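Ready to practise reading a protein structure? Grab a pencil, look at the picture, and try each exercise before you peek at the solution.

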Amino acid sequence: MERAAAERRERPAYGKDSLISCDRLVRIFTADGVEVQALQGLDLLVAQGELMALVGASGSGKSTLLNILAGLDVPTAGAASVGGYDLLAMDAAARLRYRREIVGFVWQQTARNLLPYLTAAQNVVLPMQLAARGSGPRTRRKRAARAAELLDMLGVGYCHDRRPAQMSGGEQQRAAIAVALANDPAVVLADEPTGELDSATGEQVFAAFRTANEELGTTVVVVTHDHAVADAVRRTVAIRDGRTASEVVRRTEVDEHGQESVVAREYATVDRAGRLQLPRDYTDALDIRSRVLLELEPDHIGVWPDLPQDRAERPGDPK
Ligand SMILES: Nc1ncnc2c1ncn2[C@@H]1O[C@H](COP(=O)(O)OP(=O)(O)OP(=O)(O)O)[C@@H](O)[C@H]1O
Ligand SMILES: [Mg+2]
């Protein structure tokens with residue numbers, strides 16, 4: 001017991017090396033006297049430099065989570081931190097600084113990302129002005145150069161002097177990514193950024209996120225219903241009923257002929273209390289309802305439905 005306690009003490013704190021850490025995050029909305037538990041103890045860790053996707057049914061809590069990470073909403077309980085900022089304890093000044101300098105955000109609605117009366121370049125310069133320290137012609141030149149560079153990098157340099165109305169939806173979203181990157185944030189969050197686009201345009205927009213991730217090292221978290229996006233990242237985390245339920249991790253493997261292929265594995269999430277959510281098709285297939293029998297084996301755990309005949313036949317069961 002002492003050894004177990006010592007091991008527990010030596011285990012690093014939860015989320016210590018992660019850029020984003022959500023620990024038993026809860027968000028309860030009250031509307032017209034009815035409580036909605038949008039997040040019900042959600043755990044999530046995202047490493048610095050990751051490009052990852054969040055998926056889940058409508059109403060599962062994806063936007064709620066993203067709004068909290070963006071500093072636009074405050075959780076009801078639990079803990080959340082991004083880049084060392086404690087999202088529950090920030091005062092108004094810290095929150096403003098956090099939103100201007102640590103996170104960038106891209107919304108689904110193209111019109112929400114850019115100001116209609118400014119050109120693409122002016123839209124990118126704006127967040128730099130808002131976060132401003134210093135002004136003068138040199139600063140102005142530097143900002144203009146950075147805006148042009150970002151637009152070029154994301155493949156929309158030719159939209160430099162166009163207003164949003166003169167750009168396609170995909171061009172607007174790529175310009176929006178440039179706006180999100182303007183102050184060199186640690187994280188860019190995007191809520192269904194390709195939701196209003198056809199699949200070919202959506203792919204271009206996703207490629208722009210990948211460019212930002214690879215060229216600038218920006219951590220990118222994208223909420224998406226788009227399979228092309230969800231399948232193109234290393235890690236896709238699925239949210240179910242306000243909790244992280246499972247994740248798919250993709251690895252590139254090289255076979256003996258030097259042929260590269262992507263191997264995807266699906267993992268179930270085990271939360272910090274040891275809770276595991278069984279996939280619904282598994283529980284349905286074995287008619288598992290309120291409880292199961294567990295058995296610890298040397299290298300796995302057996303899970304049996306609580307049915308008398310199964311119990312009698314189960315190997316290793318006391319006769
Ligand atoms: N401001 C709010 N007031 C009351 N309830 C809310 C509020 N925002 C979200 N909810 C509720 O919280 C739950 C989660 O909503 P959320 O928007 O996070 O889902 P989502 O996963 O983003 O869904 P979608 O895929 O449709 O965008 C839903 O039941 C929703 O009705
Ligand atoms: Mg949503």
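Of the 319 residues of the protein, 34% count as buried. Here, buried is for 20 or more other C-beta atoms within 10 Å of a residue's own, exposed for 12 or fewer, and partly exposed for anything in between, with C-beta atoms placed from the backbone. This is a predicted model, so local features need pLDDT of at least 70 and side-chain atom pairs count only at pLDDT 80 or more, while totals for chains, interfaces and linings use all residues. Residues are numbered from 1 along each chain as its sequence is written, and chains are lettered from A and ligands numbered from 1 in the order in which they are written.

**Exercise 1. Get the overall picture.**
Find how many helices and strands the protein has, and what its C-alpha trace spans.

*Solution.*
Step 1: Count the elements. You should get 11 helices and 13 strands; these are DSSP runs, numbered from the N terminus, with at least four residues for a helix (H or I) and at least two for a strand (E).
Step 2: Look along the principal axes. The C-alpha trace spans about 85 × 50 × 45 Å.
Step 3: Check the contacts, meaning pairs of residues whose C-beta atoms, placed from the backbone, lie within 7 Å. Take those between residues at least 6 apart in sequence: 63% of them join residues at least 24 apart.

**Exercise 2. Work out the sheet of 4 strands.**
In which order do the strands of the open sheet of 4 strands come?

*Solution.*
Step 1: Trace the order, which is E2-E1-E4-E5, with antiparallel pairing. Two strands pair if DSSP finds at least two bridges between them.
Step 2: Spot the edges. E2 and E5 each have a single partner strand, so one side of each has no neighbour in the sheet.
Step 3: Follow the bridges. E1 and E4 (residues 77–82) are antiparallel over 5 bridges, and cysteine 22 sits opposite alanine 80 in E4.
Step 4: Move on to E5 (residues 85–86), which is joined to E4 by 2 bridges. Serine 81 has aspartate 86 as its bridge partner, and valine 82 stands opposite tyrosine 85.
Step 5: Look at the turn. The hairpin of E4 and E5 has 2 residues between the strands, and glycine 83 there takes a positive phi near 55°.

**Exercise 3. Describe the surroundings of ligand 1.**
Which helix gives the largest share of the shell around ligand 1?

*Solution.*
Step 1: List the shell, using residues whose C-beta atom, placed from the backbone, lies within 6 Å of the ligand. Among them are Phe29, Val36, Gly59, Lys62 and Thr64.
Step 2: Sort the shell by type. It splits into 4 nonpolar, 7 polar and 1 charged. For this sorting, Ala, Val, Leu, Ile, Met, Phe, Trp, Tyr, Cys and Pro are nonpolar, Asp, Glu, Lys and Arg are charged, and the others, Gly among them, are polar.
Step 3: See where the shell comes from. E1 (20–31), E2 (34–46) and H2 (62–69) each supply at least two residues, and H2 has the largest share, with 3 residues.
Step 4: Place H2. This helix lies across E1, E2 and E4, at about 65° to E2. Such angles run from 0 to 180 degrees between N-to-C directions, with axes fitted as lines to C-alpha atoms, for helices over the stretch in contact.
Step 5: Ask how covered H2 is. 6 of its 8 residues are buried, including Lys62, Leu65 and Ile68. Just after H2, glycine 71 has a positive phi of about 80°.

**Exercise 4. Tackle the sheet of 7 strands and the core.**
Which strands are the edge strands of the open sheet of 7 strands?

*Solution.*
Step 1: Read the order, E6-E7-E8-E3-E9-E10-E11, with mixed pairing.
Step 2: Pick the edges: E6 (103–106) and E11 (260–268) each pair on one side only. From one strand to the next, the twist averages 20°.
Step 3: Add a helix. H7 (residues 169–181) lies across E6 and E7 (187–191), at about 165° to E6.
Step 4: Find the largest nonpolar core, which has 69 residues. A core is a set of buried Ala, Val, Leu, Ile, Met, Phe, Trp, Tyr and Cys residues joined through C-beta atoms within 7 Å. H7 supplies the largest share of this core, 7 residues.
Step 5: Zoom in on alanine 178. Leaving aside neighbours within four places in sequence, alanine 178 is in contact with Val124, Leu150, Leu151 and Leu154.

Methods:
Contact = placed C-beta atoms within 7 Å.
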